[in-house]
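Subject: The structure we talked about

Hi,

Here is the structure I promised to pass on. Have a look at it first, and then read on for what turned up when I went through it.

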Amino acid sequence: MLTHKFRLYPSKTIEQKLLETLEICRRGYNTFLGELNEQKEIDKSQIQGIIPDMKICDAQFSKVHSKSLQYECYKLFSNLKTLSKSKGKRKVGQLRFKGKGVFKTFTYNQSGFKLINTDKRCQTLWLSKIGNVSIRCHRPIQCNIKQITIKKMQSGKWFAFIIEDGNRQIQYRKTNRVVGIDVGLIDVAYDSDGNSIANPKHLKQKEDRLKHLQRLMSNKRKRSSNRNRFRIQLARQYENLTNSRDDFLHKLSDYYVKNYDVIAMEDLAIANMAKGYYSKSILDACWGRFRQFVSYKAGSADKMLMLVDYRGTTQRCSQCGETVQKGLGERMHSCPKCGFTVPRDYNSALEIRRLCLERIRQELPEYKHLEMEALPIGQLLSVKNEAPCES
Ligand SMILES: [Zn+2]
């Protein structure tokens with residue numbers, strides 16, 4: 001399964017219909033939920049069975065493709081499942097009715113859509129009960145389409161998420177190389193081959209602009225049209241930042257998956273909390289996403305992402321194992337025992353790589369052919385040398 005995200009360019013009339021569909025799906029969802037609350041014993045098929053009656057009682061429901069309504073029913077039950085899973089773990093209530101404007105997506109499953117090739121910049125997406133929408137498919141779809149979800153973004157743009165059958169295998173040759181990557185605040189990543197990748201300047205600028213807008217908006221009166229204007233602007237900027245960052249992270253993760261067979265990173269979910277008082281939500285999101293990208297790319301290229309225990313990677317000397325205490329502001333690692341002196345993030349990257357190799361030795365004999373020794377050190381470190389993805 002592969003998901004594509006394509007931009008839609010609906011005309012005014014079509015957009016009206018899209019909004020109407022969102023609204024009807026929301027009401028459908030609420031109707032199903034109401035029905036569910038009435039039931040003594042939960043019976044999914046019975047709830048799904050009321051769709052024809054709903055259409056008779058309220059002609060509005062006929063304006064939506066029946067699969068889309070069915071999908072709302074499916075969504076309700078999957079919400080229910082999630083809810084019952086978290087019962088006991090934390091305090092949970094009941095499923096809630098969805099208020100006006102809450103719904104941002106609706107879905108066509110299996111049928112009710114058709115992608116029409118036009119040989120132009122934009123293709124046409126035909127949606128049952130709605131009509132033709134211009135769609136910009138910037139990537140070819142090779143297999144059968146299983147499902148299409150239409151989404152309205154905060155910024156007012158529309159997108160289609162198209163799920164196609166089949167897997168795409170990335171063909172990258174084996175390199176027999178292992179890399180450790182340390183993610184950080186000053187450099188986005190520092191790897192065990194001595195490359196440091198700085199946070200690109202354009203992202204920094206966008207972050208600053210975002211903060212500025214946020215401040216402007218918070219000064220405006222609640223629910224005023226002025227505030228709403230800023231809200232949309234902010235949403236646009238935010239989308240823009242996410243896109244640029246994703247682009248950067250895609251290139252970066254691609255570089256690593258292409259050039260290494262095993263990529264080791266810290267198991268950071270806990271570490272984030274440990275480093276909590278630094279925490280800058282934007283950067284946190286960036287780390288998680290980077291790892292996620294590496295993970296799925298490695299998966300489809302038959303390579304491996306290994307997560308190692310983050311504890312001690314900063315303090316331990318990667319060459320002799322000595323614990324070298326460092327303050328938060330100290331940027332260098334200098335080992336009194338063996339004299340190894342490098343930037344601290346570089347030492348962490350080497351340590352992450354060492355831990356990874358150790359685990360391979362113990363647990364994964366099939367990977368034993370990989371290089372088992374650390375690279376020679378000393379001549380590396382022309383810092384910021386080949387940032388692999390600066391564009
Ligand atoms: Zn040492």
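Let me start with the metal: which residues coordinate the zinc ion? Please keep in mind throughout that this is a predicted model. The ligands are four cysteines, Cys317, Cys320, Cys335 and Cys338, each through its SG atom, at 2.2 to 2.3 Å. The angles among the four donor atoms run from 106 to 112°, and the site is tetrahedral. As a yardstick, the ideal angle for four tetrahedral donors is 109.5 degrees.

Along the chain, the donors follow the spacing C-x2-C-x14-C-x2-C. The zinc site ties together distant parts of the chain: cysteine 317 is in the loop between strand S12 (304-308) and strand S13 (332-334), while cysteine 335, 18 residues away, is in the loop between S13 and strand S14 (341-343). Both cysteine 317 and cysteine 335 are buried.

Glutamate 351 belongs to the same part of the story. It sits in helix H9 (residues 344-363) and touches Cys317, one of the zinc ligands. Its other contacts, leaving aside neighbours within four places in sequence, are Thr313, Arg316 and Ser318. Is glutamate 351 buried or exposed? Glutamate 351 counts as buried because its relative accessible area is 0%, and the cut-off for buried is under 20%.

**The chain as a whole**

The chain has 391 residues, and 40% of them are buried. Its secondary structure comprises nine helices and 14 strands. Of the contacts with a separation of 6 or more, 66% are between residues 24 or more positions apart. The chain exposes about 21,700 Å², with 49% of that supplied by carbon and sulfur atoms.

**The nonpolar cores**

In soluble globular proteins, nonpolar side chains tend to be buried together. Here the largest nonpolar core has 39 residues, and Leu127 and Ile150 touch the most other members. Helix H1 (residues 12-38) gives the most to this core, with nine residues. Apart from this core lies another one, of 30 residues, among them Leu249, Tyr256, Val257 and Ala301.

If you want to look around inside the 39-residue core, leucine 127 is a handy place to click. Beyond its neighbours within four places in sequence, leucine 127 is in contact with Leu18, Tyr108, Gly112, Phe113, Val133 and Ile150.

**A buried aspartate**

Which side chain does aspartate 193 join through a polar contact of 2.9 Å? The partner is arginine 177. Aspartate 193 lies in the loop between strand S9 (187-191) and strand S10 (196-198). With a relative accessible area of 12%, aspartate 193 is buried.

**Residues that meet across the sequence**

Serine 111 is in the loop between strand S2 (105-109) and strand S3 (113-116). Serine 111 and lysine 67 are 44 residues apart in sequence, yet their C-alpha atoms are 7.4 Å apart in space. Not counting residues up to four places away, serine 111 touches His65 as well as Lys67. Serine 111 is partly exposed, at a relative accessible area of 29%.

Arginine 289, in helix H8, makes a second example. Its C-alpha is 9.9 Å from that of serine 253, with their positions 36 residues apart in sequence. Arginine 289 touches Asp246 and Leu249, again not counting residues up to four places away, and Leu249 is among the members of the 30-residue core. Arginine 289 itself is partly exposed, with a relative accessible area of 30%.

**Two backbone oddments**

Two residues other than glycine have a positive phi that you may like to check on screen. For lysine 129, phi is near 70°. Lysine 129 is in the loop between strand S4 (123-127) and strand S5 (131-136), and at 47% relative accessibility it is partly exposed. For aspartate 302, phi is about 60°. Aspartate 302 is in the loop between helix H8 (281-300) and S12. Is aspartate 302 buried or exposed? At 53% relative accessibility, aspartate 302 counts as exposed.

Happy browsing, and best wishes!

Methods:
Residues are numbered from 1 along each chain as its sequence is written. This is a predicted model: local features need pLDDT of at least 70, side-chain atom pairs count only at pLDDT 80 or more; totals for chains, interfaces and linings use all residues. Side-chain values use heavy atoms; hydrogens and water are left out. Donors are N, O and S atoms within 2.8 Å of the metal (3.2 Å for Na, K and Ca); water is not among the atoms, so sites may look incomplete. Four donors count as tetrahedral if all angles lie between 85 and 135 degrees; four count as square planar and six as octahedral if opposite donors are over 155 degrees apart and all others between 65 and 115; anything else is irregular. Helices (H or I, at least four residues) and strands (E, at least two) are DSSP runs, numbered from the N terminus. Buried means under 20% relative accessible area, exposed over 50%, partly exposed in between (1.4 Å probe, protein chains only). Contact means heavy atoms within 4.5 Å. Accessible areas come from the Shrake-Rupley method with a 1.4 Å probe; for residues, only the protein chains shown count as cover. A polar contact is a pair of N or O atoms within 3.5 Å; within protein, one must be able to donate a hydrogen and the other to accept it, and residues adjacent in sequence count only if both atoms are side-chain atoms. A nonpolar core is a set of buried Ala, Val, Leu, Ile, Met, Phe, Trp, Tyr and Cys residues joined through side-chain atoms within 4.5 Å.
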